[in-house]
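The following exercises treat a single protein model, and each task is followed by a worked solution. Please consult the sequence and the structure while reading.

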Amino acid sequence: MSADHVLLLGPPGAGKGTQSKRLAEEFGLEHVTTGDALRANKHMETEHGTPASFMNEGELVPDAVVNEIVQEALSSTDGWVLDGYPRNLSQAEYLTDITDLDAVLYLDVDRDELVDRLTGRRVCEECGANYHVEFNPPETEGICDACGATLVQRDDDNEETVRERLRVYDENTADVIDHYRDEGALVEVDGEGTPDEVFERIADVVRGD
């Protein structure tokens with residue numbers, strides 16, 4: 001019997017967005033991300049205000065508001081893959097209070113591999129298509145296959161910024177990983193290899209193989 005409530009964790013560049021979406025499609029689950037949930041419920045009233053009241057000011061949405069939005073998103077569907085939440089121990093403890101998790105997976109990828117993945121990313125200025133100079137290059141270097149526009153490296157994809165993003169991720173989520181590891185719930189999955197190889201490892205866990 002496959003898991004219905006799946007939490008996928010991993011650092012930037014680990015591929016959790018891609019793998020979460022594929023898992024959802026494969027197992028007929030809802031793909032729930034914090035960003036999508038906030039945008040879909042940006043005018044939802046909470047005792048701390050609406051997400052829009054913070055987002056419109058460019059401020060970080062407080063944990064209390066994010067928690068309520070995530071609860072709303074999870075309660076509206078029977079099965080889901082959660083991606084991008086929890087980001088800290090307080091959120092992890094809240095998630096434990098509101099739902100039972102069938103599978104908690106952590107995509108484990110070597111730090112230098114993450115840096116290579118993130119610094120090699122190229123994005124189309126026009127249509128937003130994503131490429132990678134090594135793993136998924138366009139047919140013509142620097143040109144989008146889909147619309148022919150120029151591909152660029154995002155400002156936050158340079159090595160210095162990438163390494164700082166990874167450091168901040170570790171600092172914020174180390175307690176989350178330890179929380180699930182201490183509970184005996186965490187399954188560490190090798191996140192290196194082709195996307196298909198990684199997906200099969202994840203799918204095996206979700207299926208209970």
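**Exercise 1. Locate Gly13 and state its exposure and its annotation.**

Solution. Gly13 sits in the loop that joins strand E1 (5-9) to helix H1 (16-27); helices (H or I, at least four residues) and strands (E, at least two) are DSSP runs, numbered from the N terminus. The model is predicted, so local features need pLDDT of at least 70 and side-chain atom pairs count only at pLDDT 80 or more, while totals for chains, interfaces and linings use all residues. Residues are numbered from 1 along each chain as its sequence is written, and side-chain values use heavy atoms, with hydrogens and water left out.

Next, consider exposure. Buried means under 20% relative accessible area, exposed over 50%, and partly exposed in between (1.4 Å probe, protein chains only). Gly13 has a relative accessible area of 24% and is therefore partly exposed.

Finally, turn to the record. The unreviewed UniProt entry carries a "binding site" annotation that covers Gly13, Ala14, Gly15, Lys16, Gly17, Thr18, Arg121 and Gly193. UniProt positions are given in the numbering used here, feature names are shortened, and annotations may be inferred rather than shown by experiment.

**Exercise 2. Describe three salt bridges and the exposure of their partners.**

Solution. Side chains of opposite charge can pair when their charged atoms come close. The criterion is a side-chain nitrogen of Lys or Arg within 4 Å of a carboxyl oxygen of Asp or Glu. The whole structure contains 17 salt bridges by this search.

- Step 1. Arg167 pairs with Glu164, with the closest N and O atoms 2.8 Å apart. Both residues belong to helix H7 (residues 159-182) and are three residues apart, about one turn of the helix. Arg167 is partly exposed at 40% relative accessibility, and Glu164 is partly exposed at 38%.
- Step 2. Arg181 forms a salt bridge with Glu188, where the closest N and O atoms are 2.9 Å apart. The relative accessible area of Arg181 is 39%, so Arg181 is partly exposed; Glu188, at 45%, is partly exposed.
- Step 3. In helix H8 (residues 195-207), Arg207 and Asp204 lie three residues apart, about one turn of the helix. The closest N and O atoms of the salt bridge between Arg207 and Asp204 are 3.1 Å apart. Arg207 is partly exposed at 27%, as is Asp204 at 32%.
- Step 4. Arg121, Arg154, Asp156, Asp157 and Arg165 are joined into one network by salt bridges that share partners.

**Exercise 3. Why is Cys124 not bonded to Cys147?**

Solution. A disulfide requires a pair of cysteine sulfur atoms within 2.5 Å. The closest cysteine sulfur to that of Cys124 belongs to Cys147 and is 3.5 Å away, which means that the distance is too far for a bond. Cys127 is likewise in no disulfide, its nearest cysteine sulfur being that of Cys124, 3.7 Å away. The structure holds zero disulfides. As to exposure, Cys124 is buried at 4% relative accessible area, whereas Cys127 is partly exposed at 43%.
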